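This report looks at how the chains of a complex meet one another. Please keep the sequence and the structure in view while reading.

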Amino acid sequence: MLTNRSKQVVKREMTWFERAYFPAILHGLSITIKHFFMKKATVKYPEVKREFAPVYRGQHVLKRDEAGAERCTACGLCAVACPAEAITMTAAERKKGEENLYREEKYASVYEINMLRCIFCGLCEEACPKEAIFLTDRIVPSTFERDSFVYGKDKLVEPIDQRVDVSKRQTPAVLEFKKDKHHKHNLTFMDKVLGKAKKH
Amino acid sequence: MNITQYIFWFLSFLALLSALMVVFSKNPVYSVLYLIITFFAIAGHYVLMSAQFLAAVHIIVYAGAIMVLFLYTIMMLNLNKETEPQKKTYIQIIAIVALGLLMVTMIGSIKGAEAAQPIADAAGIGTVEKLGDVLFNKFLLPFEVSSILFLSAMVGAVYLSKKNLQ
Amino acid sequence: MDPLLIKAIIVLIVFAITLLVATYSTWGERKVAAFLQDRVGPDRAGPAGLFQPLADAVKMFMKEEIIPSVSNKWLFVLGPCISMLTALMTGVVIPWGGELTIAGQTFDLQIVDLNIGILYLFGVVSLGVYGIMIGGWASNNKYSLLGAIRASSQMISYEIAMGLAIVALVMTTGTLSLKEIVQQQDAGFANIVYQPLGFIIFLICAFAETNRAPFDLPECETELIGGYHTEYSSMKLGFFLFAEYINMFVSSMVIVSFYFGGYNFPFQHEIGLEGNILTFVQTGFFFLKVSFFVFFFWWVRWTLPRFRYDQLMNLGWKVLLPLALVNIFVTGLIMYFTGNL
């Protein structure tokens, strides 16, 4: 006996009162009727949405910089980091005149995440040196076809006029964790908020 | 003919037809179901004779309990045409002769019997009160004796089932 | 108006209400089940999900009808019909209220007052098992057959204890007519005061007779898939399920009529209501009591787990039957010594 917390279990004979079964039934009924008047756990989904945790990890977004150019440089670190092997991409070279579309000379012409494989661990976000991929608080909607779960750039890259706010996830703890990645060309929303914005 | 007579003929036809079907149907489950219909027809006859109590008890005891047990047993045994045992020819002949003799006796006794006189106070003859009155005042001893008979049958059944267990 | 016409209208109303209550029992059961489990239950079809039964009914009708090729076609169809028929027939002798006066004529709110009402009820209930047995056997499926066999043995076992519980009740009331039993409880106390043990036995047997949890062995999903209605689909399955809800409703009405004063309510003659208004209030009270017992059926279902088969038989034969006999004996003794014989 290593600790003195262990308890001797005894299977004792039930008393007459217990064997009569009726008190047990009444006890059970009283328990269930108590639950009848309790607050219900149901959240009526389409009308009421549950509040997400600030660090909730949902559907990914490929961020653009302030000028609207894609940040992703198709380095493939996210694909390497991905434990579920959900990310694939094809790199391409930036042509002349495309500077406003892509920030770096190399960019991802194809970038796909298989949402059925993805486990939403957030390791891609952690691995990204360019602060391009983020997980957001959006839910991946369900559909009937498997193919439709392979999200391409059309669904992943944020639209220029509808930027996706990822600042909620950038809590001080997260920023502390990522601080070695704050190169001057990697500007996050938080940087702007904190007044650290620098022109590149 | 008034409506009562129509009902009488219908019930008699139903009872006889289904009774014959009990014998003739190959599947024992059908036999039991036809027997239930027969019991219902007979219960209908009881109602026509204003013996509702008897009709109700007939349905409860025979259709509701005994036939359920029959059906239960037959379903459990899974009898069908293949497992039907073929009796030997001489047994079949003996059965026919015995049945013929029984029929002759019955016809003779029915022909010899006088037609029963209709009872004057027929309206309430089958009610619970009348029946109870007769059973517990006039026929108390036979009633109790028959209950002892049932008790002994019950004890016998329990004894047999216990004996099989050992 | 023609008395026969009014009788026909009463019959129609009784059937309509019975069916309506059975329909909404499905909704109620799901709601209560949800509430007992901290959920909210169906709430999408209409306000608070009130149109859910209609949606379910449409679904039931629209579903594909499957009759197994190896089944016995006639009996396969006959099974649910008998279940439904016997379930509806039981409601005939229940008194729903006092007298109603329409155009100078008085009518009882009861389809027919049989002087052997209890026996009629008992007979029809005992026939209810045939629907299950025939349906289960005709499906030609092992699980269905097992369900049918369980149903029949359970029915027979609990019918005896139920009958003996009723015998004790008949001893104290001295009548087999439900109407008279209810009227007697107007004058004196409700029968529960005289027959507490009989009531408990009757209640347990009612659960067993309606195949409700914790006695739902004939249709237990975990062991027998669906029991006797494994092979059924579409509205035939609907009939089986519907019959169960009707049985539950009728059992509640019988319990209320037998032991809780039927449509009577306390001080009904002192508060100055008369005639038709009193009758309507009585019917309201009757339904209030009945709904409590219907609720109780649900409540128990979502509280207690299912019995094992041997426990079921032990309870029926070794506990309820001797208790019912003791109840009869004690009732007889008390009646003898108090001179109420």
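## Salt bridges and polar contacts between chains C and A

Across the interface of chain C and chain A of this predicted model, the rule finds 2 salt bridges, a salt bridge being a side-chain nitrogen of Lys or Arg within 4 Å of a carboxyl oxygen of Asp or Glu. A:Lys44 forms a salt bridge with C:Asp43, with the closest N and O atoms 3.2 Å apart. The rule also finds 9 residue pairs in polar contact across this interface, both residues at pLDDT 80 or more; a polar contact is a pair of N or O atoms within 3.5 Å, where within protein one must be able to donate a hydrogen and the other to accept it, and where residues adjacent in sequence count only if both atoms are side-chain atoms.

On the side of chain C that touches chain A, α1, α7 (196-209) and α10 (275-301) of chain C each supply at least two residues, helices being DSSP runs of H or I with at least four residues, numbered from the N terminus. The most comes from α10(C), with 4 residues.

## Extent of the interface between chains C and A

Here 18 residues of chain C are in contact with 17 residues of chain A, contact meaning heavy atoms within 4.5 Å. The two chains bury about 1,500 Å² between them, 70% of it on carbon and sulfur atoms, where buried area is the accessible area (1.4 Å probe) that two parts lose on being put together, summed over both.

## A helix pair across chains A and C

The axes of helix α2 (residues 22-36) of chain A and helix α1 (residues 3-36) of chain C come within 7 Å and cross at roughly 95°, so α2(A) is roughly perpendicular to α1(C), a term that covers angles of 65 to 115 degrees. The contact is made by A:Thr32, A:Ile33, A:His35 and A:Phe36 of α2(A) together with C:Val32, C:Phe35 and C:Leu36 of α1(C).

## Chain B and the other interface

Chains B and C have the most contacts among the 2 pairs of chains that touch, whereas no contact joins chain A and chain B, whose closest C-alpha atoms lie 27 Å apart. The area buried between chain C and chain B is about 1,900 Å², with carbon and sulfur atoms giving 81%, and the rule finds 0 salt bridges there.

## Conventions

Residues are numbered from 1 along each chain as its sequence is written, while chains are lettered from A and ligands numbered from 1 in the order in which they are written. In this predicted model local features need pLDDT of at least 70, side-chain atom pairs count only at pLDDT 80 or more, and totals for chains, interfaces and linings use all residues, while side-chain values use heavy atoms, with hydrogens and water left out.

Terms used
Axes fitted to C-alpha atoms, helices over the stretch in contact; angles between N-to-C directions. Parallel < 35°, antiparallel > 145°, perpendicular 65-115°, else oblique.
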